[in-house]
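Please go through the model below with me, taking its core, its pocket and a few of its residues in turn.

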Amino acid sequence: MRIWDIPPDKLCRQHLLGEHNELHSMWNILTQGKAGYADHPETKRWKGKLKALFTVHEKIIQEMLARGYHHKSPLDKTLARGKSRQDEFVDPVEKQIDILKQKGCSCDV
């Protein structure tokens, strides 16, 4: 479970769509009290920051549409509360870039 702190236009197809899927899972955990990965460090860092998570989702959607993908799973904007900016990291952005580089994918990092 990971939400990258890297602009979506830098992500390859696999990581862009994977992040979108994981973001929806995380949104459901945080807004519906689902157990799932509720204790995962990545989930914990988004508690109280649904407004920021909503913004990430919007940026992912913009990139998906720019690449010609369809999007049919909007989030409920009325639930987007809390901080509007993410200021906690499981891994610093530099480490996230290194992780992506090691995957050997086509992410532009």
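Q: Which element gives the largest share of the largest nonpolar core?
A: In this predicted model, the largest nonpolar core has 22 residues, such a core being a set of buried Ala, Val, Leu, Ile, Met, Phe, Trp, Tyr and Cys residues joined through side-chain atoms within 4.5 Å. Those with the most contacts inside this core are I3, L11, L23, W27, W46 and L53. Two or more residues each come from α1 (13-32), α3 and α4, where helices are DSSP runs of H or I with at least four residues, strands are runs of E with at least two, and both are numbered from the N terminus. The largest share, seven residues, is given by α3.

Q: How confident is the predictor, and in which element is confidence highest?
A: Residues are numbered from 1 along each chain as its sequence is written, and side-chain values use heavy atoms, with hydrogens and water left out. Because the model is predicted, local features need pLDDT (the predictor's confidence in each residue, from 0 to 100) of at least 70 and side-chain atom pairs count only at pLDDT 80 or more, whereas totals for chains, interfaces and linings use all residues. The mean pLDDT of the protein is 97, and 100% of its residues reach 70 or more. Confidence is lowest in α2, at a mean of 96, and highest, at 98, in α3.

Q: Is I3 buried or exposed?
A: I3 is found in the segment before α1, and its C-alpha atom is separated by 9.9 Å from that of F89, 86 residues apart along the chain. Leaving out residues up to four places away in sequence, I3 touches E19, E22, L23, M26, E42, R45, W46, L53, V56 and Q96, contact meaning heavy atoms within 4.5 Å. Buried means under 20% relative accessible area, exposed over 50%, and partly exposed in between (1.4 Å probe, protein chains only). At 1% relative accessibility, I3 therefore counts as buried.

Q: What is the relative accessible area of R45?
A: R45 is found in the loop between α2 (41-44) and α3 (50-66). Apart from neighbours within four places in sequence, R45 is in contact with I3, D5, Q86, E88, F89 and V90. The C-alpha atoms of R45 and R85, 40 residues apart along the chain, are separated by 11 Å. R45 is buried, with a relative accessible area of 3%.

Q: What is the relative accessible area of Q96?
A: Q96 is found in helix α4 (residues 93-103). Not counting residues up to four places away in sequence, Q96 touches R2, I3, W4, D5, I6, F89 and D91. Q96 is buried, and its relative accessible area is 1%.

Q: Why does E63 count as buried?
A: E63 lies in helix α3. Beyond residues up to four places away in sequence, E63 touches P8, D9 and L16. E63 counts as buried because its relative accessible area is 16%.

Q: How many residues does α3 give to the lining of the largest pocket?
A: The largest pocket is lined by 16 residues, of which W4, D5, W46, V56 and K59 lie nearest its centre; on a 1 Å grid over the protein atoms alone, a pocket is an open set of points where a 1.4 Å probe fits, with protein on both sides within 12 Å along at least five of seven lines, and lining residues have an atom within 4 Å of a point. α3 gives the most to this lining, with five residues.
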